[in-house]
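Let's take a walk through this protein model, from the middle outwards. Keep the 3D view open and follow along.

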Amino acid sequence: MNPKTLLIVYHSMTGGTAQMAQAAAEGAGDEAGVQVRLLRAPEAQPDDVLAADGYVFATPENLAAMAGLMKDFFDRCYYAALDRLNGRPYAALVCAGSDGQNAVRQLERIATGWRLRQVAPTLIVCTHAQTPEAILRPKQIGAADLAQCREVGAALAAGLALGVY
Ligand SMILES: Cc1cc2nc3c(=O)[nH]c(=O)nc-3n(C[C@H](O)[C@H](O)[C@H](O)COP(=O)(O)O)c2cc1C
């Protein structure tokens, strides 16, 4: 059987989302028969989206929205992939200083437009960064949160490998 591909697309300014995406990739990487591609949002192209069998999208919430470079990724890929991804599985990860809900709403709405199938509740990890100093500081995501991100990647990869989606 052809190996399945899990595409993880993320943006991160101060490192939190990058650690979350990396953890999801590690969780998925334990699954034999699933190839994991971890791409920064500006690198990801429509062909990468079309070639994948499942997705993890990971973004910070910035200014009550998903990060601009993640939005740019969706803007560049949306119509090239529309109606060509129907039913494929996805999960999303959001790194937020205090909230995250608007980024979740935006991301899930786009995924709904793509007719993707959400296979896990979107995970919000809160870094409790609210002052300018804390927001600009490099982030260290805790072990428990990273374990949840690993779980998301592992579950998606297991479903892909078993062909349950
Ligand atoms: C310009 C800017 C705007 C932000 N706006 C929000 C916000 O609206 N809601 C929120 O929960 N966090 C907000 N944050 C905090 C980030 O989500 C938080 O620092 C997160 O850890 C960033 O992820 P990263 O480390 O992957 O860059 C903002 C950060 C920046 C730099």
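Strand β5 is mostly tucked away: 8 of its 8 residues are buried. Keep in mind that this is a predicted model. So which way do the residues of β5 point? Pro89, Ala91, Leu93 and Cys95 face one way, while Tyr90, Ala92, Val94 and Ala96 face the other, and all are buried. That fits a general pattern: in a regular strand, side chains alternate between the two faces of the sheet.

Now look at the strands that pair with β5. With β3 (54-62), β5 pairs in the parallel sense over 6 bridges. Strand β6 (residues 117-118) also runs parallel to β5, and 2 bridges join them. Find Tyr90 in β5: this residue is the bridge partner of Tyr55, and Tyr90 also stands opposite Gln118 in β6.

Next, the nonpolar core. The largest one has 52 residues, and Leu6, Ile8, Met20, Ala21, Ala24, Val56 and Leu93 touch the most other members. Pick Ala24 as an example. Leaving aside neighbours within four places in sequence, Ala24 is in contact with Ile8, Val56, Leu93, Cys149, Arg150, Val152 and Gly153.

Where does the ligand come in? It is surrounded by 21 residues, and the closest are Gly16, Thr17, Pro60, Ala96 and Gly97. The shell around the ligand divides into 8 nonpolar, 10 polar and 3 charged residues. α1 (16-29), β3 and β5 (89-96) each supply at least two residues of that shell, and β3 gives the most, with 3 residues.

Just after β3 there's a curious spot. Most residues other than glycine have a negative phi, yet two residues here have a positive one, as the table shows.

| Residue | Phi | Location | C-beta neighbours within 10 Å |
|---|---|---|---|
| Leu63 | near 55° | loop between β3 and β4 (65-66) | 9 |
| Ala64 | near 55° | loop between β3 and β4 | 12 |

Is Leu63 buried or exposed? Leu63 is exposed, because there are 9 other C-beta atoms within 10 Å. Ala64 counts as exposed too, because its C-beta neighbours inside 10 Å number 12, and the exposed class covers 12 or fewer.

Finally, zoom out. UniProt, in an unreviewed entry, places the feature "domain: Flavodoxin-like" at residues 6-165. In the model, the end C-alpha atoms of that span lie 13 Å apart, and the span is 45% helix and 23% strand.

How values were computed:
Residues are numbered from 1 along each chain as its sequence is written. This is a predicted model: local features need pLDDT of at least 70, side-chain atom pairs count only at pLDDT 80 or more; totals for chains, interfaces and linings use all residues. A residue is near a molecule or strand if its C-beta atom, placed from the backbone, lies within 6 Å of it. Helices (H or I, at least four residues) and strands (E, at least two) are DSSP runs, numbered from the N terminus. Ala, Val, Leu, Ile, Met, Phe, Trp, Tyr, Cys and Pro count as nonpolar, Asp, Glu, Lys and Arg as charged, and the others, Gly among them, as polar. UniProt positions are given in the numbering used here, feature names are shortened, and annotations may be inferred rather than shown by experiment. A nonpolar core is a set of buried Ala, Val, Leu, Ile, Met, Phe, Trp, Tyr and Cys residues joined through C-beta atoms within 7 Å. A residue is buried if 20 or more other C-beta atoms lie within 10 Å of its own, exposed if 12 or fewer, and partly exposed in between; C-beta atoms are placed from the backbone. Two residues are in contact if their C-beta atoms, placed from the backbone, lie within 7 Å. Two strands pair if DSSP finds at least two bridges between them.
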